[in-house]
Amino acid sequence: MNYIKLINGPIEENSFIVWDDKSHEGAIIDPGFTELDVYDKYILENNIKIKYIINTHGHWDHIKNNKLVKNAYGAKLLIHEDDNEYLSNAQLNLSYYYDKEVENTTADLLLKDKDEILLGNEVLKVMHTPGHTMGSIILYNDNLAFTGDTLFFGSVGRCDLPNSDKEIMIQTIEKFKYLLPKDSLVLPGHGKIESKFSEQLEINPFLTGKMKPK
Ligand SMILES: [Zn+2]
Ligand SMILES: [Zn+2]
């Protein structure tokens, strides 16, 4: 699967365009503040047909341009069922506290653990990873892992926000430690460094057990 990372917005959120080489079917992950002309450029260049917009979770910095992108490409919006309410609740998606306007959107399909999102011959698997939010997910295949705000380079997502839960995050860490393919490239929702999951298992203090989620 191919991907392009687009760093955007006031707190440098990572949005991704992913697509299958053969069918050119693709998806946009977490359209935060990335503008349409930026997406257009890469989508035209690579002849991509955007089928889905997928939110790794419902925070404002990851969902801000959902509506813009959905209208432009006629794509279906996907989010885990436990974060669905974030799409229309400014206090839950935190836009209220950051004084940012986020237009309400409605999901076309609600995701659950183990769902599979097909892009041509490629499959993005959904792993439910609650903690940072209750509907956080990691999307992965053999090569790539889009970890949202669940797993960062050397860290994990904060759990001191409304609706976060650090005890559940501890269970989530144990889950993805064993389920994520070791060879997959970790592509978090923030941060520039890309690393193999095998490296995170060695150096990330939250995965080695030296630190607990806060
Ligand atoms: Zn978040
Ligand atoms: Zn974020």
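**Opposite Y140 in strand β9 stands K125.** Strands and helices here are DSSP runs numbered from the N terminus, strands being E runs of at least two residues and helices being H or I runs of at least four. The model is predicted, so that local features need pLDDT of at least 70 and side-chain atom pairs count only at pLDDT 80 or more, whereas totals for chains, interfaces and linings use all residues. Residues are numbered from 1 along each chain as its sequence is written, chains are lettered from A and ligands numbered from 1 in the order in which they are written, and side-chain values use heavy atoms, without hydrogens or water. Strand β8 (residues 122–128) and strand β9 (residues 137–140) run antiparallel and are joined by four bridges; two strands are said to pair if DSSP finds at least two bridges between them. M127 is found opposite I138 in β9.

**A hairpin of three residues leads from β9 to β10.** Strand β10 (residues 144–148) runs antiparallel to β9, with two bridges between them. Y140 has A145 of β10 as its bridge partner. In a regular strand, side chains alternate between the two faces of the sheet. Strand β9 is covered on both faces, I137 and L139 being buried on one side and I138 and Y140 on the other. Buried denotes under 20% relative accessible area, exposed over 50%, and partly exposed the range in between (1.4 Å probe, protein chains only).

**Six strands form an open sheet, over part of which a helix lies.** The strand order is β7-β8-β9-β10-β13-β14, and the pairing is mixed. Strands β7 (116–119) and β14 (195–196) are at the edges, each pairing on one side only. Helix α5 (residues 166–179) lies across β8 and β9 and runs at about 150° to β8. Axes are lines fitted to C-alpha atoms, for helices over the stretch in contact, and angles between N-to-C directions run from 0 to 180 degrees. Contact means heavy atoms within 4.5 Å.

**Strand β5 pairs with β4 and with β6.** Strand β4 (residues 49–54) is parallel to β5, with three bridges, and L78 in β5 is the bridge partner of I54. Strand β6 (residues 109–111) is likewise joined to β5 in the parallel sense by three bridges, with L110 in β6 as the bridge partner of I79. Strand β5 (residues 76–80) is largely enclosed by the rest of the structure, because four of its five residues are buried.

**The zinc ion (ligand 1) is held by three histidines and one aspartate.** H57 (NE2), H59 (ND1), H132 (NE2) and D149 (OD) coordinate the ion at 2.1 to 2.4 Å. Donors are N, O and S atoms within 2.8 Å of the metal (3.2 Å for Na, K and Ca); water is not among the atoms, so sites may look incomplete. Along the chain, the donors follow the spacing H-x1-H-x72-H-x16-D. The arrangement is irregular because the four donor atoms subtend angles of 89 to 172°. Four donors are tetrahedral if all angles lie between 85 and 135 degrees; four are square planar and six octahedral if opposite donors are over 155 degrees apart and all others between 65 and 115; anything else is irregular. H57 and H59 are both buried.

**The zinc ion (ligand 2) shares D149 with the zinc ion (ligand 1).** The two ions are 3.5 Å apart. D61 (OD), H62 (NE2), D149 (OD) and H190 (NE2) coordinate the zinc ion (ligand 2) at 2.1 to 2.3 Å, with the chain spacing D-H-x86-D-x40-H. The site of the zinc ion (ligand 2) is also irregular, its four donor atoms giving angles of 87 to 160°. Both D61 and H62 are buried.

**H24 lies in the loop between β2 (13–19) and β3 (25–29).** H24 counts as partly exposed because its relative accessibility is 24%. Apart from neighbours within four places in sequence, H24 is in contact with N46, N47, I48 and K49. T105 is 81 residues from H24 along the chain, and their C-alpha atoms are 26 Å apart.
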